[in-house]
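Please open the structure in your viewer and keep the selection tool at hand. We will go from one selection to the next and say, at each stop, what is to be found there.

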Amino acid sequence: MKAIKKINNNVAICLDNNDNELIAFGKGIGFQAMPYQITDLSTISMTFYKMDQSFYKLLKEIPEDIFEISAIIVKKAQMTLNCNLNPNLLPGLADHINFAIKRMKKFKEMKMLFSYDIEKLYPEETSLGRYAVKLVEKKLFVKLPDSEITNIAMHFVNAEEENISEKTALDVEQLIEEITGIIEREFKTKIDRKGFNYNRFVIHLRYYIKRIEENKQFLDDNGELFKAMKEKNAKIYECAERISVIIDEKLNSKITEDEILYLMIHIGRILKNNTIN
């Protein structure tokens, strides 16, 4: 195995013997000058294939201990869930945990999204979420609120690729492009379709369709937060409302306030971090 690019001291982008690119974890493997040949493969503790390269920059920005804990959680999910998981689960989960910890330190009393009880719908994923919260507390000495069990569980639900049928996936791709066009026209911008926040938005839309099919829309009590964001970001709300009308027309559904709130959050992230004008 050949290490070709450092992510941090213990993580590197590598090539296997078939020249397939992967992310490898191992004590000190990112410390040496790149590129170099890793001759002792016993030093490699974990590997992850097929991760989108658009996430590589994000990985460097996430603290090393959070990234490594996230990798342990994802490995456990791979062993627990009887399905294929999206290769981008690792950076998405690491980003979420990093943000959750920052939020806890700054807004300790802030209510978090989606504190509904989802355990009956997704018991295995909820168990993994509970494991993740306990691991963060044990390794990082940060006690996340119980609502984070659900938030993290939804990352595993969203990563279960084979739960979306081919027909649904095709319909979603067409719908995503239409929705992206609406955002671009409303805010007179060109969205970076390779950006992390856009990728996260796309994942959310794909699994929103899945939740509609399974009649599992978000129904949390975030009325006050929704009202505050609506008043603060009127234009983003109007865009999210326009998108929700299109979704409802195509899927014969009725989008909830919590789903609109989540759309607003994603649209705001895309616009804040978009680099193409």
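Begin by selecting N88 and whatever surrounds it: leaving aside its neighbours within four places in sequence, N88 is in contact with M51, D52 and F55. This is a predicted model, and you should keep that in mind at every stop. N88 itself lies in the loop between α2 and α3, where α3 covers residues 89-106. Is N88 buried or exposed? With a relative accessible area of 13%, N88 falls under the 20% cut-off, and it is therefore counted as buried.

Now zoom out to the whole protein chain, which holds ten helices and five strands. Of its 277 residues, 52% count as buried. If you take the contacts in the protein chain with a separation of 6 or more, 70% of them are accounted for by residues 24 or more positions apart.

Next, select the five strands together, which form an open sheet in the order β4-β1-β2-β3-β5, with antiparallel pairing. Look at its edges, where β4 (36-37) and β5 (46-49) stand; each has a single partner strand, so one side of each is left without a neighbour in the sheet. In general, the strands of a sheet pair through backbone hydrogen bonds, and they may do so in a parallel or an antiparallel way.

Keep the sheet on screen and add helix α2, residues 64-80, which packs on the sheet and touches β1 (2-8), β2, β3 and β5. The direction of α2 makes about 80° with that of β5.

Within the sheet, turn to β1 and β2, which pair in the antiparallel sense over five bridges and are joined by a hairpin through two residues. Which residue of β2 is the bridge partner of N8? Select V11 to see this partner of N8.

From there, move on to β2 (residues 11-15) and β3 (residues 21-25), another antiparallel pair with five bridges. Here you can pick out I13, which stands opposite I23 in β3. β2 and β3 also form a hairpin, this time with five residues between them, and in the turn you will find D19, which has a positive phi of about 65°. Before you leave β2, colour its residues by accessibility: four of its five residues are buried, so that the strand is mostly covered.

For the next stop, hide the sheet and select helix α8 (residues 223-232) together with helix α10 (residues 257-273), whose axes come within 10 Å and cross at roughly 45°. This angle makes α8 oblique to α10, and the crossing of the two helices is left-handed. Which residues meet where α8 and α10 come together? On the α8 side they are G223, L225, F226, M229 and K230, and on the α10 side they are E257, I260, L261, M264 and I265. Sorted by type, the residues of this contact divide into seven nonpolar, one polar and two charged.

Stay with α10 for the last selection, H266, which lies in this helix. H266 has a relative accessible area of 2%, and it is buried. Show its surroundings as well: apart from neighbours within four places in sequence, H266 is in contact with R200, F201 and H204.

Definitions and conventions. Residues are numbered from 1 along each chain as its sequence is written. This is a predicted model: local features need pLDDT of at least 70, side-chain atom pairs count only at pLDDT 80 or more; totals for chains, interfaces and linings use all residues. Side-chain values use heavy atoms; hydrogens and water are left out. Two strands pair if DSSP finds at least two bridges between them. Contact means heavy atoms within 4.5 Å. Axes are lines fitted to C-alpha atoms, for helices over the stretch in contact, and angles run from 0 to 180 degrees between N-to-C directions. Angles under 35 degrees count as roughly parallel, over 145 as roughly antiparallel, 65 to 115 as roughly perpendicular and the rest as oblique. A crossing is left-handed if the near helix is turned anticlockwise from the far one by less than a right angle, and right-handed if clockwise. Ala, Val, Leu, Ile, Met, Phe, Trp, Tyr, Cys and Pro count as nonpolar, Asp, Glu, Lys and Arg as charged, and the others, Gly among them, as polar. Buried means under 20% relative accessible area, exposed over 50%, partly exposed in between (1.4 Å probe, protein chains only).
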